[in-house]
Amino acid sequence: MSFDATYQNKSFNSVGTRPLRPDGVDKVTGRARYGADFNMPGQLVARVLRSPHAHARIKNIDTSRAEAVKGVKAIVTAADLPDLTDGDAGLFAILDNCMAREKAMYDGHAVAAVAAIDQKAAKAALNLIDVDYEVLPHVVDVDAATLPDAPVLNEKIFTQGVEPTPTMPSNVANRAEFGHGDVDAGFEQADLIVERSYKTEQTHQGYIEPHACVANCNPDGTAELWVCTQGHFVYRQNCADLLGLEASKLRVTSSEIGGGFGGKTHVWAEPVALALSRKANRPVKLVMSREEVFRASGPTSATSIDVKIGAKKDGTITAAEATLRYTSGPYAGMWAELGAMTSFACYDLESVKTVGLEVVVNRPKVAAYRAPSAPMAAFAVESAIDELAHKIGMDAVDFRIKNAASEGTKSSYGPVYGPIGIGPTLEAAKTHPHMSAPLGENQGRGMACGFWFNFGGQTCTDLNISADGTVTIAVGTVDVGGSRASLSLIAAEELGISYDDIKAVIADTSTLGYNDMTDGSRGTFSTSMATISAARNAIEVMRQRAALMWDIPLEDVYWEEGHAHAAGTKHGNRAPLSVKDIAAEAGNTGGPIAGHSELVADGAGVSFATHICDIEVDPETGSSRVVRYTVIQDAGKAVHPSYVEGQYQGGAAQGIGWALNEEYIYGEDGRLQNPGFLDYRIPVCSDLPMIDTQILEIPNPNHPYGVRGVGETSIVPPLAAIANAVSNAVGVRMAHIPLSPPRILAALNEANG
Amino acid sequence: MSSIAVSTTINDDDVEFLCQPDETLLDVLRNRLGLMGAKEGCGTGDCGACSTIMDGRVVCSCLVLGAEAQGKTIETIEGLANGAELHPLQRKFIEHAALQCGICTPGFLMAAKALLEANPDPTETEIRFWLAGNLCRCTGYDKIVRAVQDAAAEMRGETA
Amino acid sequence: MMVDVTLWAGLRPLADNQKVVRVEARTIRELLRELEDRYPGLAEPIKGQVAVAVNGVIYRNDWSQELPEDAEVLLMRRLAGG
């Protein structure tokens with residue numbers, strides 16, 4: 001049955017309120033069960049042996065001494081995970097990343113794993129696995145990797161997207177180009193041009209919960225996996241494909257998830273845990289250490305970006321161009337391509353050209369990180385936009401307003417926009433009190449804009465009505481930040497009942513149809529659509545039951561505000577029947593009442609934000625402090641405003657950390673120097689001020705309630721907003737993120753001659 | 001290595017356990033006593049997700065040996081509520097949406113409890129510095145600070 | 001109904017180096033089928049790597065979507081998110 005997702009302008013009873021979240025009590029009492037909080041009878045402990053080399057051929061692995069350790073039950077290497085990927089390059093990259101095959105591609109790459117009765121035995125065994133490495137030259141820097149004399153990581157990589165295909169292998173895996181118009185002609189029309197190169201360093205999603213799972217393979221071909229993940233259906237498919245299991249016989253249960261931000265969107269160690277369990281014929285628990293999380297999971301790209309923008313004196317941009325190089329770890333990705341697509345998305349441009357170059361390096365396999373690739377591109381572009389505004393002598397906000405995209409604009413990545421929020425967020429910034437507040441000594445103010453696509457995708461939801469009239473909704477998108485509350489609000493709204501009468505749960509892969517994962521800000525957008533659809537289907541059933549209870553024709557029963565009503569006066573002014581009334585009779589009117597929905601939630605609405613921040617720089621040390629921060633973002637419709645604010649604040653805080661502190665630091669030997677929270681410093685409570693938020697609501701025309709998705713865009717503007725603020729504070733254009741004290745001090749010294 | 005017998009008090013209960021000499025209090029709580037509310041985010045004392053209170057002081061239980069619990073009084077998240085009645089901090093964290101994923105929440109609550117016992121009327125700056133040993137990656141800390149402020153006010157009897 | 005489909009740069013070598021291909025199609029599914037029939041090299045990317053933007057709305061799965069008159073249609077790469 002097709003579902004009409006068109007936006008209907010209506011007033012809400014539940015949506016937009018701020019009730020208590022359903023999982024709150026579990027989480028404040030320590031009862032919520034995360035990845036590492038689950039155990040099985042007879043469970044073994046797994047540990048992973050990781051390469052100490054950035055790039056090395058694995059000549060031989062001898063596990064015989066380790067096998068002799070008392071308590072060791074299984075050891076696996078790549079030989080235990082045969083290549084079943086059938087030419088699927090993406091899947092092969094996941095497999096090779098889980099367990100190195102011919103070569104270790106980065107410091108921390110898994111080469112073997114042990115399952116033993118306890119940690120002590122497992123650790124002892126790891127020390128006795130003999131790996132014979134032939135150490136190879138390595139490269140970790142994005143620019144160095146593109147030089148002609150750089151060590152080539154993979155002889156099979158010939159740059160794609162270049163005509164003719166190169167005859168020599170290189171570390172540039174792919175070239176992607178976007179844009180329209182004639183940039184050369186556009187630059188000729190420009191009165192002023194800004195051209196500059198920028199760099200950003202690699203950061204980690206920094207979720208507080210390390211990857212953790214419990215795997216259990218049975219000899220009959222069935223298997224279970226308990227795991228912290230952003231998408232248990234995707235993990236099921238990944239694991240089934242890599243281990244040759246039947247998807248339906250692998251039951252994956254998603255634990256509560258202690259943060260993901262994109263880092264838990266594909267498998268890391270889960271196939272290894274399953275392989276160990278299969279070999280040992282016992283359940284296996286595998287929990288990564290923090291060091292392993294940093295060395296072997298997650299990170300986003302390091303980048304090097306060249307931007308050129310030209311404008312007339314009146315502030316009209318005539319042409320814009322960018323070349324973006326993104327590291328993807330040792331395997332080809334599409335991170336530069338995303339950067340190239342998003343870079344100029346905020347603007348209405350006559351001529352624009354962006355080129356994304358995907359660069360493989362000896363660093364961990366890049367994973368999505370909240371609006372992946374967009375923050376770095378926005379940093380470069382929004383810095384150049386700011387610089388150009390200064391040169392022209394225009395206010396930075398006015399300059400952006402003059403060039404902002406709007407409904408009907410052909411976006412820099414291709415499609416024409418529908419109704420969008422970039423203009424309104426800029427107008428809101430212009431009039432925001434923060435914009436006109438006085439600045440103190442050594443302080444600078446910056447602002448910047450950001451864009452993210454937002455996704456939809458495959459979604460399946462069940463809505464069951466109990467005999468007492470209360471409602472369970474079972475959804476398949478993992479709740480990473482409060483979506484059970486927002487989905488309960490949606491169900492309450494559609495059914496016309498109280499939020500307190502609804503319980504939302506995340507179903508496992510065996511009890512619900514396939515769902516895409518919680519990524520691309522799709523969780524609430526997609527699942528709310530499926531929940532609305534399921535509720536409407538349940539209402540249809542309840543109308544039928546009411547007709548039976550009243551013994552009147554179905555067409556004479558209509559649904560309004562949580563009740564079945566008998567139409568007109570011909571049925572004797574019957575009192576309306578509530579959900580509870582109808583549910584109580586369900587056993588005698590046809591059995592349980594439920595509504596199901598399987599749909600593809602396409603038509604996600606693009607999202608824009610504008611951020612303002614004030615930074616104070618200590619001229620003696622180069623250290624800096626965020627003194628005020630404001631986020632303005634279009635939500636489409638804020639279902640639970642508290643958690644929308646939370647997404648805005650959290651994304652901003654991650655962006656602040658990225659801009660000021662966080663970076664992967666590699667030694668000459670290609671080893672990661674700072675794989676811990678002490679040396680990889682994410683923002684702590686005393687680093688930040690309160691983060692003000694302003695929610696705008698420009699309805700998404702492709703969702704019944706206008707919902708757009710809010711999770712990611714908030715991390716896009718901070719890098720640029722902070723760089724602009726620091727640049728304004730110190731009087732030097734800051735073009736290398738993070739703006740750590742040494743970099744700021746160098747800039748200050750440069751400014752003071 | 002032979003095990004060590006330890007007698008201690010956890011959440012007002014007398015508790016006895018055996019542990020290895022190199023076993024952390026966090027591992028004892030989680031693996032031997034079934035108290036899994038304390039989380040391991042780093043194992044190096046940097047994230048605070050395993051914060052508990054030992055003789056009135058906030059500690060990272062990953063940096064305390066199980067054997068050190070001998071004769072001490074330990075409070076964990078499992079003992080924060082009074083039966084079905086949540087502690088004001090627990091209620092305010094939920095009311096203010098001060099958690100998203102929630103993995104850091106038990107540690108924050110224990111650290112905040114110790115703060116309010118030491119200083120019932122902390123300034124925003126005092127709250128921020130006291131909680132600087134607890135990492136949260138989801139919230140940006142804004143709503144956490146507000147929840148602690150509001151709980152403190154209620155505990156001082158300043159709100160209804 | 002005839003629609004002009006714009007291909008992303010990476011697909012063009014698989015379609016006689018054309019940027020825009022004119023096909024007769026009423027739905028996304030018909031459009032993709034027609035493209036595959038004409039340029040067999042496109043079959044592989046179409047099987048899991050494409051999203052289709054129709055008048056600015058990006059479809060990643062709903063191939064039954066009808067194409068409005070004079071629709072602006074682009075084939076895009078499917079994206080990853082956080």
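Strands E24(A) and E25(A) form a hairpin with six residues between them, and A:Gly622 in that turn has a positive phi of about 80°. This hairpin belongs to a predicted model, so please read the values below as computed from predicted coordinates. Chain A, where the hairpin sits, has 21 helices and 27 strands. Here is a short tour, from that hairpin out to the contacts with chains B and C.

**The hairpin and its neighbour strand**

- E24(A) spans residues 607–617, and 10 of its 11 residues are buried, so the strand is largely enclosed by the rest of the structure.
- On the hairpin side, E24(A) runs antiparallel to strand E25 (residues 624–634) of chain A, and nine bridges join the two.
- One of the pairings to look for there is A:Ala609, whose bridge partner in E25(A) is A:Gln633.
- E24(A) also pairs with strand E16 (residues 443–452) of chain A, again antiparallel, through 10 bridges.
- In that pairing, A:Ala448 stands opposite A:His611 of E24(A).
- As background, strands of a sheet pair through backbone hydrogen bonds, either parallel or antiparallel.

**A three-stranded sheet in chain A**

- Elsewhere in chain A there is an open sheet of three strands, in the order E4-E2-E6, with antiparallel pairing.
- Strand E4 (103–104) and strand E6 (130–135) of chain A stand at the edges with a single partner strand each, so one side of each has no neighbour in the sheet.
- Strand E2 (residues 56–62) of chain A is joined to E6(A) by six bridges, and the two run antiparallel.
- Within this pair, A:Asp62 stands opposite A:Asp130 of E6(A).

**Chain A as a whole**

- Chain A has 21 helices and 27 strands; its radius of gyration is 27 Å, close to the 27 Å that the globule rule gives for 753 residues, so it is as compact as a globular protein of that length.
- Taken along the principal axes, the C-alpha atoms of chain A fill a box of roughly 90 × 75 × 55 Å.
- Of the 753 residues in chain A, 61% are buried.
- Among contacts in chain A with a separation of 6 or more, 80% come from residues 24 or more positions apart.

**Domains of chain A**

- Chain A is divided into domain 1 (24–32 + 456–601) and domain 2 (138–416).
- The C-alpha centres of domain 1 and domain 2 of chain A lie 37 Å apart.
- Where these domains meet, 14 residues of domain 1 of chain A are in contact with 17 residues of domain 2 of chain A.
- The domain 1 side of that contact has six nonpolar, five polar and three charged residues.

**Domains of chain B**

- For chain B, the domain assignment gives domain 1 (4–78) and domain 2 (88–155).
- Their C-alpha centres lie 21 Å apart.
- The contact between them takes 14 residues from domain 1 of chain B and 12 residues from domain 2 of chain B.
- On the domain 1 side, the largest share, three residues, comes from strand E3 (residues 51–54) of chain B.
- By class, this domain 1 side has seven nonpolar, five polar and two charged residues.

**Helix H1 of chain C**

- The buried residues of helix H1 (residues 28–38) of chain C are C:Ile28, C:Leu31, C:Leu32 and C:Leu35.
- They cover an arc of only 95° around the axis, which puts them on the same side of H1(C).
- An α-helix has 3.6 residues a turn, so residues three or four places apart point the same way.
- The buried residues of H1(C) pack against several elements of chain C, including strand E1 (2–6), strand E2 (20–24) and helix H2 (43–46).

**Contacts between chains**

- The contact between chains A and B takes 42 residues from chain A and 42 residues from chain B.
- Helix H1 (24–28) and helix H19 (641–660) of chain A each supply at least two residues of the chain A side.
- H19(A) gives the most to that side, with eight residues.
- The chain A side divides into 20 nonpolar, 16 polar and six charged residues.
- The contact between chains C and A takes 21 residues from chain C and 33 residues from chain A.
- On the chain C side, the elements that give two or more residues are strand E4 (57–59) and strand E5 (73–77) of chain C.
- This chain C side divides into 10 nonpolar, seven polar and four charged residues.

Terms used. Residues numbered from 1 in each chain as written. Chains lettered and ligands numbered in written order. Predicted model: local features only at pLDDT ≥ 70, side-chain atom pairs only at ≥ 80, totals over all residues. Domains from an automatic or database assignment. Contact = placed C-beta atoms within 7 Å. Nonpolar A, V, L, I, M, F, W, Y, C, P; charged D, E, K, R; others polar. Helix = DSSP H or I, 4+ residues; strand = E, 2+ residues; numbered from the N terminus. Rg over C-alpha atoms; globule rule 2.2 N^0.38 Å. Buried ≥ 20, exposed ≤ 12 C-beta atoms within 10 Å, placed from the backbone. Pairing = 2+ DSSP bridges. Arc of directions from axis to C-beta.
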